[in-house]
Amino acid sequence: MTKKVGLVILSLMLMFALAACGGSSTNSAQQSAAPDSSSAPAGAASDELTPEPGAKLIFWHPKTPFSEYAVQEFEKKYNIPVTLQDVGYDAILNKYKADGPAGKGADVFVLGSLDLGDAVKSGSVLPNDYFEEDTKNMMLDQAINSFSWDGILYGYPSYAYLPAIFINKDLVKDAKFETWDDIKAFAKQFNDVKNNKYGFFFEANSKDSAYPFMAAEGGYYFGKDGTDPGDIGINNEGAVKGLEYFKSLKEILPLKAADASGDVKTSLWEQGKIAMIMDGTWNSGKFKQLPFKVESMPLPNLPDGKMAPVMTGVGGFFVGSYTQYPNAAKLFANFLMSEEMQMKINEVTGFLPLAKNLQNEELYKDDPVTLGFIRQLKQSHFYPIIPEMKVLAYNDTIFTPTIEQIWDGADVKTSLDKAAQSLKDSIAGSQ
């Protein structure tokens, strides 16, 4: 699984779960007006913020069922015209840095937390100042931290994307999985490798796959809660121990890492030949449409009882610093962050809401896929937002080959030491 965080997660996986991208579309209202305070989406403060006369907005986001719906609903409530321009996630920030100063940029656009530092340092985004208190009261602390830089909140966080385990209930039935040894035991009974049937399948060269085992035993990307780039923990004692167990899973997935790929996994899963896979929210919508009953669950503990956390990313919305209509743009970004819109994103993509009020498991009692991911969210770490994390997340020559080599039999400690040095060198070279 390649670059499933950052650019590719935000660019490819969501679009894969939605309708195919089309050209840009424009939705217009006849005239602009002050917002209706009865429809304020995220706090009473919004009825005090008056949009500029004649305000009209440009919104950069892939053209999807969510973005089209959000524009339509905002125009209905606020009578402010919004032009939706179909721009891919991976292109947005660089495009804004080029077009914004020339007056051709968007007023509001979507970004992920890994791009926050670049967005702030390049002067591309305005702080979330007017709705700051409302946002902090509304959202999980981890979401606020993910969109804050040097103590200043810039973005309007909306959704989380993360991996968990999808279950084919027609095959698993009532089996229980308290630890990874239970998954091993199930798979040994279920596997029919000659006929491409597996009890469990994940991508054996993926950071998403390896991180839970590494982190369970005390490994980490960067120290001090992801804030210290000088403290690299991918080769510490805990990381080694965790990846030794990760390596042991080859007894139930007896393939070379290159053959345990995402394409193979998805194909066999959709054919009903795999009982459980590790995959992400970005495929929830697609998997809910399969002709067998699909649920999800958090990763079980390691056999020693330690929790296996996944790494979670945050996506949301930002107001461009070159907007001519900052009040109207802030109203729109705040609207996009509203609980109503968070639930809509979940409905059409599977990405998880980050509002505190939307963490109640009872809300998802009729949606066992989202329910499992909500539980996994409580057992996760959030991506560090320091620039050095982008070096690791976007460079598949550092950690991905290491994971592949370990899976295929290389010594864990030696391989991780080399990866740590490669990361240090890459960070030094990027500065």
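Me: Which Phe and Tyr residues form one aromatic cluster in this structure?
Reply: This is a predicted model, in which local features need pLDDT of at least 70 and side-chain atom pairs count only at pLDDT 80 or more, while totals for chains, interfaces and linings use all residues. Residues are numbered from 1 along each chain as its sequence is written, and side-chain values use heavy atoms, with hydrogens and water left out. Rings of Phe, Tyr and Trp (its six-membered ring) pair if their centres lie within 6.5 Å, as stacked under 30 degrees between planes, edge-to-face over 60 and tilted for the rest. One aromatic cluster is formed by Phe59, Phe66, Phe74, Tyr78, Phe317, Phe332 and Phe335.

Me: How far apart in sequence are the parts that the pair of Tyr96 and Tyr322 ties together?
Reply: Tyr96 and Tyr322 form a tilted aromatic pair, with 6.0 Å from centre to centre and 40° between the planes. Tyr96 lies in helix α3 (residues 89-99) and Tyr322 in the loop between β14 (310-319) and α14 (326-336), so the pair ties together parts whose separation in sequence is 226 residues.

Me: Which of the two, Tyr96 or Tyr322, is partly exposed?
Reply: Buried means under 20% relative accessible area and exposed over 50%, with partly exposed in between (1.4 Å probe, protein chains only). Tyr96 has 0% relative accessibility and therefore counts as buried. With a relative accessible area of 42%, the partly exposed residue is Tyr322.

Me: Which strands stand at the edges of the open sheet of four strands?
Reply: Strands (E, at least two residues) and helices (H or I, at least four) are DSSP runs numbered from the N terminus, and two strands pair if DSSP finds at least two bridges between them. The open sheet has mixed pairing and the order β9-β12-β8-β13. One side of each edge strand is left without a neighbour in the sheet, because a single partner strand is all that each one has, and these edge strands are β9 (198-201) and β13 (294-297).

Me: Which residue of β13 is the bridge partner of Ile167?
Reply: Strand β8 (residues 163-168) and β13 pair in the antiparallel sense over four bridges. In this pairing, Asn168 stands opposite Val294, whereas the bridge partner of Ile167 is Glu295.

Me: Which residues of β13 are buried on the two faces of the strand?
Reply: Both faces of β13 are covered. On one side the buried residues are Val294 and Ser296, and on the other they are Glu295 and Met297.
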